[in-house]
Number of protein chains: 2
Amino acid sequence: MEASREAVVDLLGVLAYGELIGFERLAEDARLAPTLADKAELARLAATEFSHYDRIAAHLAGMGVAPDEAMAPFAAAIDEFHAATRPGDWLEGLVKAYVGDGMAADFYREMAVAVDPATRAIVDEALADTGHAQFVVERVRSAVAADATLAGRLALWARRIVGEALAQAHRVAVARPALARALAGGEGDVAEFARTLTRLTEGHGRRMAALGLSA
Amino acid sequence: MEASREAVVDLLGVLAYGELIGFERLAEDARLAPTLADKAELARLAATEFSHYDRIAAHLAGMGVAPDEAMAPFAAAIDEFHAATRPGDWLEGLVKAYVGDGMAADFYREMAVAVDPATRAIVDEALADTGHAQFVVERVRSAVAADATLAGRLALWARRIVGEALAQAHRVAVARPALARALAGGEGDVAEFARTLTRLTEGHGRRMAALGLSA
């Protein structure tokens with residue numbers, strides 16, 4: 001079932017705020033980079049998030065919705081997620097960028113099936129941009145290869161990021177039932193919601209394996 | 001006279017570092033924005049600076065020069081410029097973005113006459129992107145119209161930004177004589193250098209007038 005207009009505005013609002021603040025946090029985390037080349041790679045991820053924000057905001061405006069108003073209901077949850085997951089060093093910043101980018105991409109894929117074609121085009125554009133984070137995999141794998149004690153610390157860190165993301169997602173789902181229904185297969189189907197969670201968890205497991213960390 | 005390869009690498013290096021760190025500082029200053037729409041506008045300026053960095057770095061790499069190495073000689077001067085001009089509030093951030101963007105554009109125009117066609121194409125692309133800062137003019141003018149005491153404070157602030165930029169530019173010119181010669185008309189011509197400074201000062205005066213501030 002196609003999502004209601006209310007649910008689509010919520011979806012675009014939460015994505016827009018996530019991309020805009022994601023831009024800001026990645027740009028700040030880029031300051032932890034050990035080299036200018038590394039800084040530029042994280043800055044590239046940040047600039048990509050801004051371009052996603054820009055397209056989503058334009059689409060909202062085209063629907064007659066002010067982007068600020070669509071984003072406002074989700075500011076507290078996303079701000080608290082970032083406050084609880086502030087990287088302590090460059091490697092934690094990389095893991096957060098990779099895990100966060102991957103969760104966002106999975107979320108885009110889940111929502112793509114629930115929305116109208118115009119909204120889906122935005123989603124497809126955003127998905128086409130993923131993969132920039134591949135440099136993260138190389139950096140983290142080589143750091144873990146050089147210092148095995150890092151693996152445990154970074155695995156714990158990744159679990160904290162996912163835990164905080166799920167906690168805030170739960171909070172958003174309770175506050176925005178139309179959005180939660182749209183993401184749970186249109187009818188609030190419990191079995192479908194469980195399958196969605198399973199897919200998201202599997203995606204996270206694949207990313208952790210790519211980083212050389214245990215999920 | 002066309003600039004030497006050494007001077008071109010220096011020009012691209014100082015521009016690349018300026019754009020990369022400009023991205024980082026604008027992204028940080030965007031956090032001072034009073035609304036999400038304002039935050040997005042400053043984030044747009046930051047993303048544009050990153051795309052300039054990206055093109056310059058690719059051009060350096062094409063010349064067989066590692067961007068990091070080309071940028072390194074200019075890091076201290078640009079870092080100190082930013083450390084001395086950290087905005088205290090949103091309006092100071094806007095004035096810095098506008099004055100800095102304008103100075104960078106003027107600098108691009110000056111260097112365009114001194115370089116080879118391939119380098120000039122980079123410069124032209126960067127110049128084509130200017131004008132995004134126009135929203136700054138509206139924000140600053142309306143703030144000054146609403147509170148006349150702001151005009152004096154922001155005019156002083158703009159003068160400090162220009163003063164710090166000139167101080168660091170002087171430092172760079174002393175340390176990198178090939179670059180200084182290229183920007184002074186190829187031969188270190190004192191009269192040409194004075195004309196360059198006059199043009200840069202005139203450009204600043206026009207921008208201050210646009211903001212409704214005295215230069």
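Start by selecting Val14(A), Tyr17(A), Gly18(A), Ile21(A) and Arg25(A) in helix α1 of chain A, which meet Ala75(A), Ile78(A), Asp79(A) and His82(A) in helix α4 of chain A; contact here means heavy atoms within 4.5 Å. This is a predicted model, in which local features need pLDDT of at least 70 and side-chain atom pairs count only at pLDDT 80 or more, while totals for chains, interfaces and linings use all residues. Residues are numbered from 1 along each chain as its sequence is written, chains are lettered from A and ligands numbered from 1 in the order in which they are written, and side-chain values use heavy atoms, with hydrogens and water left out.

Now show both helices whole, α1(A) as residues 5–29 and α4(A) as residues 75–84, and look along their axes, which lie 10 Å apart at an angle of about 30°. That angle makes α1(A) roughly parallel to α4(A), a label for angles under 35 degrees, with over 145 counting as roughly antiparallel, 65 to 115 as roughly perpendicular and the rest as oblique. Helices are DSSP runs of H or I with at least four residues, numbered from the N terminus, and axes are lines fitted to C-alpha atoms over the stretch in contact, with angles from 0 to 180 degrees between N-to-C directions.

Next select Glu28(A) and Arg86(A), whose side chains meet in a salt bridge at 3.6 Å, N to O; the term requires a side-chain nitrogen of Lys or Arg within 4 Å of a carboxyl oxygen of Asp or Glu. Because Glu28(A) lies in helix α1 and Arg86(A) in the loop between α4 and α5 (90–112) of chain A, the pair ties together parts that are 58 residues apart in sequence.

Keep Glu28(A) selected and add Arg31(B), since these side chains also meet in a salt bridge, at 2.4 Å, N to O. Across the interface of chain A and chain B there are 8 salt bridges, and a search of the whole structure finds 28 over all chains.

Colour the two chains separately to see the interface, where 24 residues of chain A are in contact with 24 residues of chain B. The area buried between them is about 2,000 Å², of which carbon and sulfur atoms give 63%; buried area is the accessible area (1.4 Å probe) that two parts lose on being put together, summed over both. In chain A, the residues to highlight are Glu24(A), Arg31(A) and Leu36(A), which lose the most area to chain B, together 28% of what that side buries.

Finally, select helix α2 (residues 36–62) of chain A and helix α1 (residues 5–29) of chain B, whose axes come within 11 Å and cross at roughly 50°. The two helices are therefore oblique to each other. Among the residues making this contact are Leu36(A) and Ala40(A) of α2(A), and Tyr17(B) and Phe23(B) of α1(B).
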